[in-house]
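This report describes a protein model in terms of its overall make-up, its helix packing, its salt bridges and a selection of individual residues. The sequence and the structure are shown first.

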Amino acid sequence: QTLSELTGRAGGSDLRGSRARGLTRSRVDTCGFCPPQGFQRSPYLSARGNVASIFQGPDEEGYKAYHADKYDEDTNPNGIINFGTSENKLCFDLMSKRLTQADMNLMEPLLLQYPDWKGHMFLREEVARFLTYYCKAPAPLKAENVIVLNGCGSLFSALATVLCDPGEAVLIATPFYGGITQSVFLYGNVKLVYAYLDSKITGTSTRPFQLTVEKLEKALQDAWAEGVTVRALILLNPQNPLGDIYSLSELRDYLEFAKRHELHVIVDEIYMLSVFDESATFHSVLGMDRLPDPQRTHVMWGISKDFAVSGIRFGTLYTENQDVANAVASLCYFHGVCGPVQHKVAQLLRDREWINQVYLRANRARLKAAHTYVTDELKTLGVPFLNRNAGFFVWIDFRKYLRTGTFEEEMLLWRRFLDNKVLLSCGKAFECSEPGWFRIIFADKTHRLQLGMQRIRKVLEEREQEILSEEKEQPCQSDQGGKADSTDEVIFVSSHQESSCAGSSNLSDLIGLLQQQMRSSDWLQKNTAEQLA
């Protein structure tokens, strides 16, 4: 029924259908599901096929433009710089050298024949040892609990299909990586119920966009009130796009909440080795002494992010529930990993000395340097952002550049960046509840970061001048209804600012904070040289 409604085939007088459509608007990601203007249903496709043919997020336009006009230092210096796709472009030299060494090149009959659909046992054993070590598991993890698929997107699709019936739902906090919507919806017709997070520090929230059990409870109760059955909770740790790393106590609270309501928990730890600051500690669910509900806890990880090889499609699931494992394995027939790649991944994961002494050291240093460069530029511009220590991204507050504070204006700013040849991801693509937030990917080479930030600076300075000119022409209109004052929400530059004393901020943080406060207030507007005279 949901698919029929989305393609316009449901009757408008059906009260039950109207209620479902209302729920879709309020709690389910319909971004790209609604037919675009002028869309004509294909008579050759099913309702589901028509939805799949038009399925796209707000950033799809940008990705198409980028692939048609990619920046290249030599051949296309005026092309689009991609700060929108979460890829690590800092370690090609390390990975290409390791993946072409002699031990990687094996071709034998075993690798050219059908494997166990869960993955070759030699690989599953290596994954179990790898996760035991890096997740700090209290006891050795078991190879029989490991399943291998071609990427974590396939894992989301498979888990949504085997845990939920069509029309049922999975609970997730927003903002979140938007590709999850495509994974769970297109195959299984599974909805997403949102626990909305925002930047305000109120109630039990001690930091911006903090996930709390209270917010999960509210979203779950609201879904139940609408008659929606919720089967699972998705946790992203480290979180994309926020960069948050959940503490052990937070993880325990979320898992206890799920156990109370008999929800499965799908934990995506795809960035677990991409924590680039020693002050931050990642805690894996697999490293907990006791899981509240081990039969309903399923952990995902893959190599695309932590090993900077997003073009190699490899994801792994660890679950103690053999019913879930067998059901997912049935779908592995469609999402298998080819034998030679399974061999290469096993060789990579078992090379612990190279991983620890060469790769991780270099990768973390490069990520930290790139993150420092981009955040220093944002401080100079006086732009607020969340300062976190994991992932490839910074969550940026561009709300002061929106005159009316709407998602339509957010898209106009996004297109303004694209017109100036830099691709970012807008908050709507992550179902952010507040217009004006953007995600920038910093895991890129220095020359691209520098040029990209120059283009971003140009757009922001032009936009700032336009807003000042508009306010001079219409001095009686107030813009406070459409956008919040960042200075009231304590969301600026320092990761220590939220929990420690002001003395811990360094000089550049303080200067950046002062710049941001002046820019986000109307003091400069009210005290121009002409007015003072």
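The account below moves from the whole chain to single elements and residues.

## Overall make-up

The model is predicted. Its secondary structure comprises 18 helices and 13 strands. Of the 533 residues in the protein, 54% are buried. Among contacts with a separation of 6 or more, 75% are between residues 24 or more positions apart. The protein exposes about 23500 Å², and carbon and sulfur atoms supply 51% of that area.

## Helices α4 and α14

Helix α4 (residues 60-68) and helix α14 (residues 407-419) have axes that come within 11 Å of each other and cross at roughly 5 degrees. Because angles under 35 degrees count as roughly parallel, α4 is described as roughly parallel to α14. On the α4 side, the residues that meet the partner helix are Glu61, Gly62 and Ala65, and on the α14 side they are Trp414, Arg415 and Leu418.

Two of these residues also form a salt bridge: Glu61 pairs with Arg415, with the closest N and O atoms 3.0 Å apart. The pair links distant parts of the chain, since Glu61 in α4 and Arg415 in α14 are 354 residues apart. Glu61 is partly exposed, with a relative accessible area of 37%, and Arg415 is likewise partly exposed, at 33%.

## Salt bridges

The structure holds 31 salt bridges. Three of the pairs are set out below.

| Pair | Closest N to O distance |
|---|---|
| Glu61 and Arg415 | 3.0 Å |
| Glu256 and Arg290 | 3.5 Å |
| Arg296 and Asp293 | 3.1 Å |

The side chains of Glu256 and Arg290 meet in a salt bridge. This pair too links distant parts of the chain: Glu256 belongs to helix α10, Arg290 to the loop between β6 (264-268) and β7 (297-302), and their positions lie 34 residues apart in sequence. Glu256 has a relative accessible area of 26% and is partly exposed; Arg290, at 48%, also counts as partly exposed.

In the pair of Arg296 and Asp293, how do the partners stand with respect to burial? Arg296 counts as partly exposed at 27% relative accessibility. Asp293 has a relative accessible area of 14%, so it is buried, the cut-off for burial being under 20%.

Salt bridges also join into a network, which links Arg403, Glu409, Arg416, Lys458, Glu462, Arg463, Glu466 and Glu470.

## Buried residues and their surroundings

Gln239 is placed in the loop between β5 (230-236) and α10 (248-260). Is Gln239 buried or exposed? Its relative accessibility is 3%, so Gln239 counts as buried. Not counting residues up to four places away in sequence, Gln239 touches Pro175, Phe176, Asp244, Tyr246 and Phe393. The C-alpha atoms of Gln239 and Met272 are separated by 9.9 Å, and the two residues are 33 residues apart along the chain.

Ser304 is located in the loop between β7 and β8 (315-319). With a relative accessible area of 10%, Ser304 is buried. Its contacts, leaving aside neighbours within four places in sequence, are Ile270, Val309, Ser310 and Arg313.

Asn82 lies in strand β1 (residues 81-82) and counts as buried at 6% relative accessibility. Which residues surround Asn82, once neighbours within four places in sequence are left aside? Asn82 is in contact with Tyr66, Lys89, Leu423 and Asp444. In addition, the C-alpha atoms of Asn82 and Leu424 are 7.1 Å apart in space, although these residues are 342 residues apart in sequence.

## A nonpolar surface patch

Tyr114, Trp117, Tyr333 and Phe334 make a nonpolar surface patch of about 560 Å². One of its members, Tyr333, is found in the loop between α11 (322-331) and α12 (339-350). Tyr333 has 54% relative accessibility and therefore counts as exposed, the cut-off for exposure being over 50%.

Methods
Residues are numbered from 1 along each chain as its sequence is written. This is a predicted model: local features need pLDDT of at least 70, side-chain atom pairs count only at pLDDT 80 or more; totals for chains, interfaces and linings use all residues. Side-chain values use heavy atoms; hydrogens and water are left out. Patches are made of residues with over 30% relative accessible area and no salt bridge: like charges are joined within 9 Å, nonpolar side chains (Val, Leu, Ile, Met, Phe, Trp, Tyr) within 5 Å. Accessible areas come from the Shrake-Rupley method with a 1.4 Å probe; for residues, only the protein chains shown count as cover. A salt bridge is a side-chain nitrogen of Lys or Arg within 4 Å of a carboxyl oxygen of Asp or Glu. Helices (H or I, at least four residues) and strands (E, at least two) are DSSP runs, numbered from the N terminus. Buried means under 20% relative accessible area, exposed over 50%, partly exposed in between (1.4 Å probe, protein chains only). Axes are lines fitted to C-alpha atoms, for helices over the stretch in contact, and angles run from 0 to 180 degrees between N-to-C directions. Angles under 35 degrees count as roughly parallel, over 145 as roughly antiparallel, 65 to 115 as roughly perpendicular and the rest as oblique. Contact means heavy atoms within 4.5 Å.
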